[in-house]
Structure formats: C-alpha cells, structure tokens
Amino acid sequence: GIDVSSFQGEIDWDAVADDNIDFAMVRVGFRGTGTGSLNTDKYYEQNIRGAMRAGLETGVYFFAQAVTVEEAIEEADFVISLLEGHEIDGPVAYDWEMHDSTYRVYGTTPEMATACAVAFCERIEEAGYDAMVYAGQYVSYIKYDQGALEPYLSWYPEYKSESSELLYPTLYYHMDYWQYSSKCSVAGIGGNVDVNLQFIRR
C-alpha cells in the first residue's frame, strides 16, 4: 500500500490500483508545527474518493502536534468532521512527530504524549473507526507507553534500501503496518511515494 498527501499532487488512482497496490492511507489534514493551527490537506477529498473508487482499502491519517489532551481531542473531532460523507474502510491514524526543537511538541513529556495519543484514539473509536498510531523508533521507545497503546493498531516507519544490513523492521513491539520506504515509484503518481506493508493476523 501507499500513503499520500498533497505533496503527491494529482493522482491517477486507476493506474495505482493496476500497479498491484491494495490499500492507501490518505492525509486528511495537519496541525502546524509552529502555529498550531488546524489545516485540511487540499487533496484529501479527491484522494479518498479516487482510492475508494479504484477499489483500494482506504484509511486516513492526521499529522498531529497536540501538546494537551484537549488538543488531541480537538484533532480527533476535526478528522471526524472531515470524514463525514466518506465511508472509508481502513483505519484512522494519529501521526505525532517531533524531529527537532522547531516543532511545538518538542519537550512534551512521555506521560502527556501518551495521553494525547490515547485521547485521540478513544475519540476516533467512539466515532466507529479503527484507530491507529504512527510512530517512529524515537517516539515509540522514548515518548509512548506501549502498554497504553496496545488496544490500537500500530504503524511503524523504518526505511530500507538495497544497502540495508537488515531487510526487516527492528522495532521490538508488534506492528500492523510497516512503512518501509519513502522513495518508491508507483504508476499514476509523479515522483516518490511512501510504500507500506500491512500485516494481517489470521
């Protein structure tokens, strides 16, 4: 599967589906890393509709920057409002990232980071969706209490290339989705796109 946002521009979803892509995660919006304002992804509606029309399992994600539980709930409610009229069949992911001190979430305690993720996921599940948490190695190990997040789906990024020593994810914890590259080429999309594997438990 792939995950997409406005960075990919116009997408030919039929071509994507014909290129052996089974699912898509569409960014619906984001909170600004500095201003903290809530924003929609300008392509989210057409990407949701296009992916679903092409027969792909379709989920969504929100780039979060919540520093309080109240903000996390606000983000969840924002996502729920954007999904009105869209019958998605994939999960709704909370993508809370902190790369450096320019991010407003910089310095957030592990307790608060975990509380925000849980609050978002609880609200999403109350609305009838499957909640998922996207987190890289640092956030997964240092910022999140994995026990508190165990009820929710997990999405983990760890990029691999031909020169990678290990061609599998090294996260200690269980994951449901693995984002394994950000530099793949898929028909119907200009430029690079993130690609993922979904692990299905039988």
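**Close-up views of a predicted model**

**View 1. A nonpolar patch on the surface.** In this predicted model, the residues Y138, Y141, I142, Y172 and Y173 make up a nonpolar surface patch of about 570 Å². One of these residues, Y172, sits in the loop between β7 (153-157) and β8 (177-184), and Y172 is exposed because its relative accessible area, 69%, lies over 50%.

**View 2. A salt bridge between helix α3 and strand β2.** The side chains of E75 and R31 form a salt bridge with an N to O distance of 2.6 Å, and this pair links distant parts of the chain, with E75 in helix α3 (residues 69-82) and R31 in strand β2, 44 residues apart. E75 is buried at 0% relative accessibility, and R31 is likewise buried, at 3%. A network of salt bridges links R31, E74 and E75, while a search of the whole structure finds 8 salt bridges.

**View 3. A salt bridge between two helices.** D77 and R123 meet through their side chains in a salt bridge of 2.8 Å, N to O; D77 belongs to helix α3 and R123 to helix α4 (residues 110-126), so the pair ties together parts that are 46 residues apart in sequence. D77 is partly exposed at 32% relative accessibility, and R123 is partly exposed with a relative accessible area of 30%.

**View 4. A loop residue with a positive phi.** Most residues other than glycine have a negative phi. N20, although not a glycine, has a positive phi of about 65°; N20 is placed in the loop between α1 (13-18) and β2 (23-31), where N20 counts as exposed at 68% relative accessibility.

Methods: Residues numbered from 1 in each chain as written. Predicted model: local features only at pLDDT ≥ 70, side-chain atom pairs only at ≥ 80, totals over all residues. Heavy atoms only, no water. Patch = residues over 30% accessible without salt bridge, like charges linked within 9 Å, V, L, I, M, F, W, Y side chains within 5 Å. Areas by Shrake-Rupley, 256 points an atom, 1.4 Å probe, with all protein chains shown as cover. Salt bridge = Lys/Arg side-chain N within 4 Å of Asp/Glu carboxyl O. Helix = DSSP H or I, 4+ residues; strand = E, 2+ residues; numbered from the N terminus. Buried < 20%, exposed > 50% of the residue type's maximum accessible area, 1.4 Å probe, protein only.
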